[in-house]
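Thanks for coming. I have one chain to go through today, and I will start with a single residue before turning to the whole.

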Amino acid sequence: MERIASAVGSGACVGIICNTVVRAQHFAERIRNVDGAQVILYHAQYIIPDRMEREETLKKYIGKNSTAEMREGVVVAGTQVLEQSLDIDFDILVTELCPMDLLLQRIGRLQRHPRGHRPQGYETAECIVLGTEEPDGASERIYTRWLLLRTRKLLPAYITVPGDIDPLVYETYRESEPEGAEEEAALKEYQDLIEEKKQRARGFLMAPPRESRWGSDLHDWLRNSAGDNENSALATVRDGTFSIEVLVLVQYADGMLGMLPWQTEGEKYHPSVCPPEGVCQQIAQQKLRLPARFCYDINRTVNELEEMDRFLTGFQRSRWLKGQLVLLLDESLRAELCGITVMYSQESGLTYTRWEKGNAR
């Protein structure tokens, strides 16, 4: 935190990229106490309109055409979504350890554009990598321990972009002999995971046309994909990662429904009446992906959401809303799901409180 506070005091623009939404939210909350810091939180657990608004804010204040005055003291705390497509430019970057290719992608947001002026002490690009002493469990579940250990071992003190990108990525992913019991166990776990993904992917392979029982033209060939393999039922998604997307709405004390307060001018909708077409389109945008912990017991989560939504009969008559799962918040923008309190705010997005042995965590 001292490095971040020092950078803010120097007028630098700081990027912090975490491997989990919870950590990004935690960093943002702490940094709001730093004098002069203008904190922007950005992750995937915002509804679509809120996320798009934050993207525009980022491009405005730290994008290619941002000025030194606009960038001064801006601290962006976010997750992997900062790696993707956004043309933004940090003076200094703090990131948690991740696989080499993704780490280099994150570094690509560091001093991305030539500028006539950088804050004093930040003229040269600097990236601080957290977690190099010991990868944490949450990051391992996302990226595997093997790739984190390889990245940690191969990460040099200085990187030249783009010249170092190909050799560093190649060395990280190439077949190599593990050194010691820790690496051996990590490699075995990684290889088992890759094989499991291959097996699940086979459920979606398309048979050669002449082997298809459906026929030989293109339409029949496509019809043959996945449908001929009973195991395809197990391959719920392409890469074996379960996720649940929900629409986020507010249920008022009188039973009426509405969008989040800043997304509407107070309109309410009766759950048994299908809203107008344009409204249905707008409601369909109030979507986000639930945190991974709600996918540990995916059947329980889906069942509870379906029970929560059982009276939304009007939505089933809309082509935009039919079959959608809806997370219904009360007027304080909270809900109980799988024994967990979930909350939504315009500033932080979706957050949750876990209860274990009577203690909130």
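**Asp87 and its surroundings**

Asp87 counts as partly exposed, because its relative accessibility is 28%, and the partly exposed class runs between 20% and 50%. Keep in mind that this is a predicted model.

Where does Asp87 sit in the chain? Asp87 is placed in the loop between β3, residues 74-78, and β4, residues 92-96.

Now the contacts. If we set aside the neighbours within four places in sequence, Asp87 is in contact with Gly63, Lys64, Arg112 and His113. With two of these residues, Arg112 and His113, there is a polar contact from side chain to side chain. For the pair Asp87 and Arg112 the distance is 2.9 Å. For the pair Asp87 and His113 it is 2.6 Å.

One further distance for this loop residue. Leu58 is 29 residues away from Asp87 in sequence, and the C-alpha atoms of the two are 8.9 Å apart in space.

On to the chain. It has 361 residues, and 43% of them are buried. The chain holds 12 helices and 14 strands. Take the contacts between residues at least 6 apart in sequence: 65% of those join residues at least 24 apart. The accessible surface of the chain is about 19800 Å², with 49% of that belonging to carbon and sulfur atoms.

Next, the empty space, beginning with the second largest pocket. Its volume is about 460 Å³. The lining has 15 residues, and those nearest the centre of the pocket are Ile107, Leu110, Ala125, Cys127 and Ile159. Which strand gives the most to this lining? That is β5, residues 126-130, which contributes 3 residues. By residue class, the lining of this pocket divides into 11 nonpolar, 3 polar and 1 charged.

Last, the cavities. How many of 30 Å³ or more does the structure hold? The count is 1. The largest cavity has a volume of about 30 Å³. Among the residues that line the largest cavity are Asn19, Glu96, Leu97, Leu130 and Gly131. Glu134, Pro135, Asp136, Ser139 and Leu148 also belong to that lining. Sorted by class, the lining of the largest cavity has 4 nonpolar, 3 polar and 3 charged residues.

To return to the start: Asp87 is a partly exposed residue in the loop between β3 and β4, with side-chain polar contacts to Arg112 and to His113.

Methods: Residues are numbered from 1 along each chain as its sequence is written. This is a predicted model: local features need pLDDT of at least 70, side-chain atom pairs count only at pLDDT 80 or more; totals for chains, interfaces and linings use all residues. Side-chain values use heavy atoms; hydrogens and water are left out. Helices (H or I, at least four residues) and strands (E, at least two) are DSSP runs, numbered from the N terminus. Buried means under 20% relative accessible area, exposed over 50%, partly exposed in between (1.4 Å probe, protein chains only). Contact means heavy atoms within 4.5 Å. A polar contact is a pair of N or O atoms within 3.5 Å; within protein, one must be able to donate a hydrogen and the other to accept it, and residues adjacent in sequence count only if both atoms are side-chain atoms. Accessible areas come from the Shrake-Rupley method with a 1.4 Å probe; for residues, only the protein chains shown count as cover. On a 1 Å grid over the protein atoms alone, a cavity is a set of points where a 1.4 Å probe fits but cannot get out, and a pocket is an open set with protein on both sides within 12 Å along at least five of seven lines; lining residues have an atom within 4 Å of a point. Grid points are joined across faces, edges and corners, and a volume is the space filled by probe spheres set on the points. Ala, Val, Leu, Ile, Met, Phe, Trp, Tyr, Cys and Pro count as nonpolar, Asp, Glu, Lys and Arg as charged, and the others, Gly among them, as polar.
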